[in-house]
Amino acid sequence: MIALFPFLLFATWITAGLAVAATIRLGVMDHPGHRSSHTRPTPKGGGIGIVGAFILAVPVGRVLHGMTPLDLPVAALLAATLLLGAISWLDDVYQWSPLVKLGAQIAAAVMVAMTLPIPPGLPAILPTPLAFPAWWVLAVSALVFTTNAVNFMDGLNGLVSGSVMLACLVLGALATGTPLGTMALLLAAALAGFLPFNFPSARIFMGDVGSQPCGLLVGAFALTCASHPGMTAWYVVPMLLGGLIYDVLYTLVRRWRNGARLMEGHREHLYQRATQSGLSPVAVTLVHWSFVLWGGMAAYAVLHGIMGVAAGLMAVLLPQLLWSAFVERRMKQPTRTA
């Protein structure tokens, strides 16, 4: 039955695309604001198609690979994804308090973290009574961070959706035949159904209903890499999404050094500064896609013993340092645009 899996990927792609097209007709608009990169009202909520297609496809994909439709960790992950997607969609419509979104993120993260096994090496570092709570705190914190990181970076057409799609394609190739690889490829297919509606020009935005569940899922994929007995490659997803993670951390540090309020909305992300410096949004998005592919090559090299983990992480970090230096230098030029 595994031979039918490519047809499921195609069906997931089509289902997501049809759902995204239907969402455009709902007419829930994202109106430009002081933090927006767009200049005209544009429909939002395209993430409904991504999340819906993914949740429907996962049980089928597992059956095609000879697994039960759902086990406890996968059921918890899909339930958490659905919960976070539903709350995020309502927030897209009604603009709720950030505390509501944070509460939903924490609840979804707890649902996922409680079903993940502890990494094999952790009990060797910490006493067993401390290992369990330490892992859960770390897992919940990591999931909330990735959820927000992906959400914060969803400000240019195709940047997040394309980056996460490519990351999932690479992860699916590296974890072929595993439950993780199956889910990663299905998420990539769902994102591929959305991307033509958003890049290079946007007929619809992903919205929080897409970006937050995608952030939760890639965080869960990262923790799975860290905790799976046969795949303790915690570094794979951070390497693949190094561009997104670096941008978020760089922006936080830069704003902290400048005395800005870290919880206040802004347009100071590195990718936003790149467009303010005169680079086209398409070019900035393509740069971030290249970061994912470069991170994939680094992860492959580490997994196959071509280089060590530290060298792989440095290989991922170096382009980020060059990119930030390039953008900041452009921002200092008098010809930059606001």
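**Figure 1. Helix H7 gives the largest share of the lining of the largest cavity, three residues.** Welcome to the first close-up of this predicted model. Let us begin with the empty space itself: the largest cavity holds about 50 Å³. How many cavities of 30 Å³ or more does a search of the whole structure find? The search finds one. Its wall is made by Ala167, Cys168, Leu171, Val218, Phe221, Val237, Leu240 and Leu241. Helix H7 (159-174), H9 and H10 are the elements that each give two or more residues to this lining. Sorted by chemistry, the lining of the largest cavity has eight nonpolar residues, no polar ones and no charged ones. Rolling a probe the size of a water molecule over the atoms is how such empty space is revealed.

**Figure 2. Phe221 is one of the residues with the most contacts inside the largest nonpolar core.** That core contains 92 residues, and Phe54, Leu171 and Leu187 join Phe221 as those with the most contacts inside it. Which residues does Phe221 touch, once those up to four places away in sequence are set aside? They are Cys168, Leu171, Leu180, Met183, Ala184, Leu187 and Val237. You have met Phe221 already, as part of the lining of the largest cavity. Leu171 also belongs to that lining.

**Figure 3. Leu180 in helix H8 is a buried partner of Phe221.** Is Leu180 buried or exposed? Its relative accessibility is 5%, so Leu180 counts as buried, the limit being under 20%. Try tracing the chain from Leu180 to Thr224: the two are 44 residues apart in sequence, yet their C-alpha atoms are 7.5 Å apart in space.

**Figure 4. The second largest pocket has a lining of 25 residues.** About 550 Å³ of space lies in this pocket. Among its lining residues, Ala222, Trp234, Val237, Pro238 and Ile245 are the closest to the centre. Where in the fold does the lining come from? Two or more residues are given by each of helix H6 (128-153), helix H9 (208-227), helix H10 (236-240), helix H11 (242-257) and helix H14 (309-331). The lining of this pocket divides into 21 nonpolar residues, four polar ones and no charged ones. Look out for Val237, which lines the largest cavity and is also listed here among the residues closest to the centre of the second largest pocket.

**Figure 5. Asn151 and Ser211 meet through their side chains.** Asn151 is found in helix H6. With a relative accessibility of 13%, Asn151 counts as buried. The side chains of Asn151 and Ser211 make a polar contact at 2.8 Å. Leaving aside neighbours within four places in sequence, Asn151 is in contact with Asp208, Ser211 and Gln212.

**Figure 6. Gly210 and Gly295 are two buried glycines.** Gly210 is found in helix H9, and its relative accessibility is 0%. In sequence, 158 residues separate Gly210 from Gly52, while in space their C-alpha atoms are 9.9 Å apart. Now turn to Gly295, which is found in helix H13 (residues 281-303). Gly295 has a relative accessible area of 0%. Which residues does Gly295 touch, not counting those up to four places away in sequence? Gly295 touches Met239, Leu240 and Val316. For Gly295 and Met67, 228 residues apart along the chain, the C-alpha atoms are separated by 30 Å.

**Figure 7. Two loops offer backbone details to look for.** In the loop between helix H8 (179-194) and H9 you will find Pro200. A cis peptide bond joins Phe199 to Pro200, with omega at about 5 degrees. The other stop is Gln95, in the loop between helix H3 (72-94) and helix H4 (98-113). Phi of Gln95 is near 55 degrees, a positive value in a residue other than glycine. Is Gln95 buried or exposed? Gln95 is exposed, with a relative accessible area of 55%.

**Figure 8. Pro59 is a proline in a helix.** The helix is H2 (residues 47-64). Not counting residues up to four places away in sequence, Pro59 touches Pro69, Leu70 and Leu78. Pro59 and Ala75 are 16 residues apart in sequence, and their C-alpha atoms are 9.2 Å apart in space.

Notes. Residues numbered from 1 in each chain as written. Predicted model: local features only at pLDDT ≥ 70, side-chain atom pairs only at ≥ 80, totals over all residues. Heavy atoms only, no water. Core = buried A, V, L, I, M, F, W, Y, C linked by side-chain atoms within 4.5 Å. Buried < 20%, exposed > 50% of the residue type's maximum accessible area, 1.4 Å probe, protein only. Contact = heavy atoms within 4.5 Å. 1 Å grid on protein atoms, 1.4 Å probe; cavity = no way out; pocket = protein on both sides within 12 Å on 5 of 7 lines; lining within 4 Å. Points joined across faces, edges and corners; volume = space filled by probe spheres on them. Helix = DSSP H or I, 4+ residues; strand = E, 2+ residues; numbered from the N terminus. Nonpolar A, V, L, I, M, F, W, Y, C, P; charged D, E, K, R; others polar. Polar contact = N/O pair within 3.5 Å; in protein donor to acceptor, adjacent residues only side chain to side chain.
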